[in-house]
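Colleague: I should be grateful for guidance on how to read this structure. May we proceed feature by feature?

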Amino acid sequence: MHSVAEDTTGNLWLANQDLGLFRLSPGNEIQQIPLAGLGRKDYIAALAADPLHGGLWLGFSQSGLAYFTDGQIRASYTAGDGLGEGRIADVRLDPDGPLWVATEGGLTRFKNGGGATLTSKNGLPCDVVHWVMEDDALSFWLYTPCGLVRISHAELDAWAANPGRTVKLAVFDGSDGVRSLAFPVGYSPHVAKSPDGKLWFTTADGVSVVDPRHLPFKKLPPPVRVETVKINGKVVAAAEGMELSHRYNDLEIDYTSLSLTIPERVRFRYKLEGKDQDWQNVGTRRQAYYGGLAPRKYRFRVIASNNDGVWNEAGAAWNFSITPAYYQTIWFEGLCVLAAAGFLWLLYRLRLRQVTARYNLRMEERVNERTRIARDLHDTLLQSFQGVLLKFHAVTYRLPDRPEALKELEGAIEQARQAIDEGRDAVQGLRSSVVVKNDLARAITTFGEGLASDQNGRQAPDFRVLVEGASRDLAPLVRDELYRIAGEALRNAFRHSGARRVEVEIHYDTRRLRMRVRDDGKGIDPQVLGAGGRSGHHGLPGMRERAELVGGNLAVWSELDSGTEIELTIPSAIAYAKVQAIKVGGQGNLMKG
């Protein structure tokens with residue numbers, strides 16, 4: 001047998017390890033409920049009748065806690081519900097409602113389907129609890145392998161409100177007359193309270209009794225002091241404000257407390273302010289160990305309690321500091337930061353130089369290619385047109401008698417002359433910058449005004465050029481490509497968008513150059529925009545190619561009936577690069593001389 005209990009109707013319940021649960025009625029009827037009928041394989045270790053609801057609480061050896069009524073288990077609770085780990089040794093109902101469960105993993109307070117477990121982390125001398133009983137003074141007594149523990153009801157209420165709290169308690173052991181702390185033999189309950197308030201409990205070698213009303217109580221807290229410090233194995237006096245070198249930060253701090261009754265029962269807590277977040281419960285140990293402390297000021301505090309659980313809250317304190325090594329000082333860290341920043345700056349400058357060199361190389365290749373094309377046009381196509389024009393002039397002298405043919409021929413000659421002039425202008429544009437002055441905003445304004453005046457009777461949109469930031473000189477070829485991209489965007493806006501307003505915004509910044517061309521017209525078909533341009537047309541692809549040529553990024557946003565916005569951004573290292581214009585040939589008209 002492991003446990004016996006009587007319910008509110010007079011039934012006597014007995015828990016047998018092998019046969020399960022037995023009920024002996026007041027009429028001497030016996031009913032057996034095997035463990036299989038309870039759906040469990042482990043045995044019942046503790047029973048407790050529920051006077052409020054009439055059922056039974058069953059504490060199993062392995063599978064937790066269960067509530068039994070009307071012949072079956074109605075609810076089960078395990079460690080996942082806050083129950084302590086391991087075997088349940090005792091179950092007891094508090095008159096106020098909570099259920100107290102003594103387990104191998106601590107004392108569990110169970111209420112409203114949830115539990116919290118008091119363990120050694122909260123101040124118990126050890127985790128295993130054999131039984132729990134409340135005395136007439138509303139203090140709880142716990143029987144543990146480390147001693148008989150007394151905790152006031154107020155302390156348990158404060159812990160229930162804050163389960164992380166450390167409780168104040170008193171521990172009684174062999175020095176107080178507790179004969180045995182081994183697990184009590186026989187069935188539960190292992191403890192009973194007599195009408196005179198004494199607690200009678202079984203032990204491994206008999207029965208013991210404690211009278212909670214006549215226990216000596218020492219109210220005077222024990223004095224505490226820090227005695228010596230062992231630094232890297234060498235014992236020194238704990239001088240106040242001691243400065244320790246960073247090479248000697250392996251500490252053993254010895255402290256003590258005076259107790260003339262039971263010195264071995266004095267319990268300690270300590271905390272190193274500057275390192276520990278909370279108090280360390282170390283029981284009766286009188287040394288604190290710390291290693292690898294960082295350079296700073298520290299304050300070591302230690303408090304102690306006597307054998308009746310009265311704590312000296314003031315305790316003792318020792319202030320010390322650890323001096324930093326040169327590589328742990330602020331000025332050294334600052335130098336390291338400055339060195340790292342300087343190294344990153346050098347890397348940035350090196351990278352900028354590489355990017356600028358590649359850009360200059362691309363620009364030179366671009367200029368050479370344009371020069372080659374101009375030379376080829378001048379030496380081949382334009383010369384051929386000029387020769388054909390001379391032949392036309394010769395033919396005109398042979399047709400004096402045919403005025404109609406002569407008139408048509410002269411018209412063809414004029415068209416050929418205009419074509420030669422346009423070709424000459426194109427060659428001139430290839431061999432030098434199209435924008436004479438380095439005023440991009442003015443050049444774009446002039447171009448847009450020309451488009452506005454050439455609308456063939458249509459209403460010209462409102463056109464504006466906005467400049468943000470101080471205007472800066474641009475690299476000549478960057479300036480030319482920006483001008484051509486803006487020109488292509490403006491031609492599309494003036495001729496195809498049907499916009500009422502067209503704006504060009506140029507933003508000069510220290511990190512980048514940004515140009516935006518936007519209108520409020522009909523927008524671009526999403527399919528055309530997704531395809532990168534209309535088949536057979538080179539507007540958008542050409543702008544993207546020009547942007548890539550100068551190291552820029554071109555983005556296009558457009559919605560039907562909402563307008564179009566084209567944005568070009570170029571890094572400042574490229575846009576404002578100190579690249580000299582490469583001119584080929586002499587000044588003036590390249591086709592002459």
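Modeller: Let us begin with a loop residue, bearing in mind that this is a predicted model. L138 is found in the loop between strand 13 and strand 14.

Colleague: What is the sign of phi at L138, given that it is not a glycine?

Modeller: The phi of L138 is positive, at about 65 degrees. With 48% relative accessibility, L138 counts as partly exposed, because the exposed class begins only over 50%.

Colleague: In which loop is N28 found?

Modeller: N28 is found in the loop between strand 3 (20–24) and strand 4 (30–33). Its phi is near 65 degrees, a positive value in a residue other than glycine. N28 is exposed, with a relative accessible area of 61%. A glycine may be added to this topic: G551 follows helix 7 and has a positive phi, near 70 degrees. Within helix 7 (residues 539–549), the buried residues include L540, M543 and L549.

Colleague: Let us turn to helices. Why do the buried residues of helix 1 line one face of the helix?

Modeller: The general idea comes first. An α-helix has 3.6 residues a turn, so residues three or four places apart point the same way. In the present case, helix 1 spans residues 153–161, and its buried residues are H153, E155, L156 and W159. Seen down the helix axis, these residues fall within an arc of 160 degrees, so they line one face of helix 1. On the other side of helix 1, A154 and A161 are exposed.

Colleague: What covers the buried residues of helix 1?

Modeller: The cover includes strand 10 (99–103), strand 11 (106–111) and strand 12 (114–118), together with strand 13 (131–134), strand 14 (139–144) and strand 15 (147–152).

Colleague: Which residues make the nonpolar surface patch of about 620 Å²?

Modeller: That patch is made by Y326, Y327, W331, L335 and L338. Of these, W331 has its place in helix 2 (residues 330–396). W331 counts as exposed, at 52% relative accessibility.

Colleague: I should next like to consider charged residues. How many salt bridges does a search of the whole structure find?

Modeller: The search finds 17 salt bridges. One of them joins R92 to D90, with the closest N and O atoms 3.7 Å apart. D90 counts as buried, at 2% relative accessibility.

Colleague: Which residues form salt bridges with E503?

Modeller: R501 forms one, with its closest N and O atoms 2.6 Å apart. R518 forms another, at 3.2 Å between the closest N and O atoms. The pair of R518 and E503 links distant parts of the chain, 15 residues apart: R518 is in strand 31 (residues 512–519) and E503 in strand 30 (residues 501–508). As to accessibility, E503 counts as buried at 9%, R501 is partly exposed at 37%, and R518 counts as partly exposed at 23%. A network of salt bridges links R464, R501, E503, E505, R514 and R518.

Colleague: What is the nearest side chain of opposite charge to R87, which has no salt bridge?

Modeller: It is E104, 5.7 Å away. This distance is not a salt bridge because the nitrogen and carboxyl oxygen must lie within 4 Å. R87 is nevertheless buried. The residue lies in the loop between strand 8 (72–77) and strand 9 (88–93). Beyond its sequence neighbours up to four places away, R87 touches H2, Y43, A45, F60, S61, A102, T103, E104 and F183.

Methods: Residues are numbered from 1 along each chain as its sequence is written. This is a predicted model: local features need pLDDT of at least 70, side-chain atom pairs count only at pLDDT 80 or more; totals for chains, interfaces and linings use all residues. Side-chain values use heavy atoms; hydrogens and water are left out. Buried means under 20% relative accessible area, exposed over 50%, partly exposed in between (1.4 Å probe, protein chains only). Helices (H or I, at least four residues) and strands (E, at least two) are DSSP runs, numbered from the N terminus. The arc is that of the directions from the helix axis to the C-beta atoms. Contact means heavy atoms within 4.5 Å. Patches are made of residues with over 30% relative accessible area and no salt bridge: like charges are joined within 9 Å, nonpolar side chains (Val, Leu, Ile, Met, Phe, Trp, Tyr) within 5 Å. Accessible areas come from the Shrake-Rupley method with a 1.4 Å probe; for residues, only the protein chains shown count as cover. Lys and Arg count as positive and Asp and Glu as negative; His and the chain ends are not counted.
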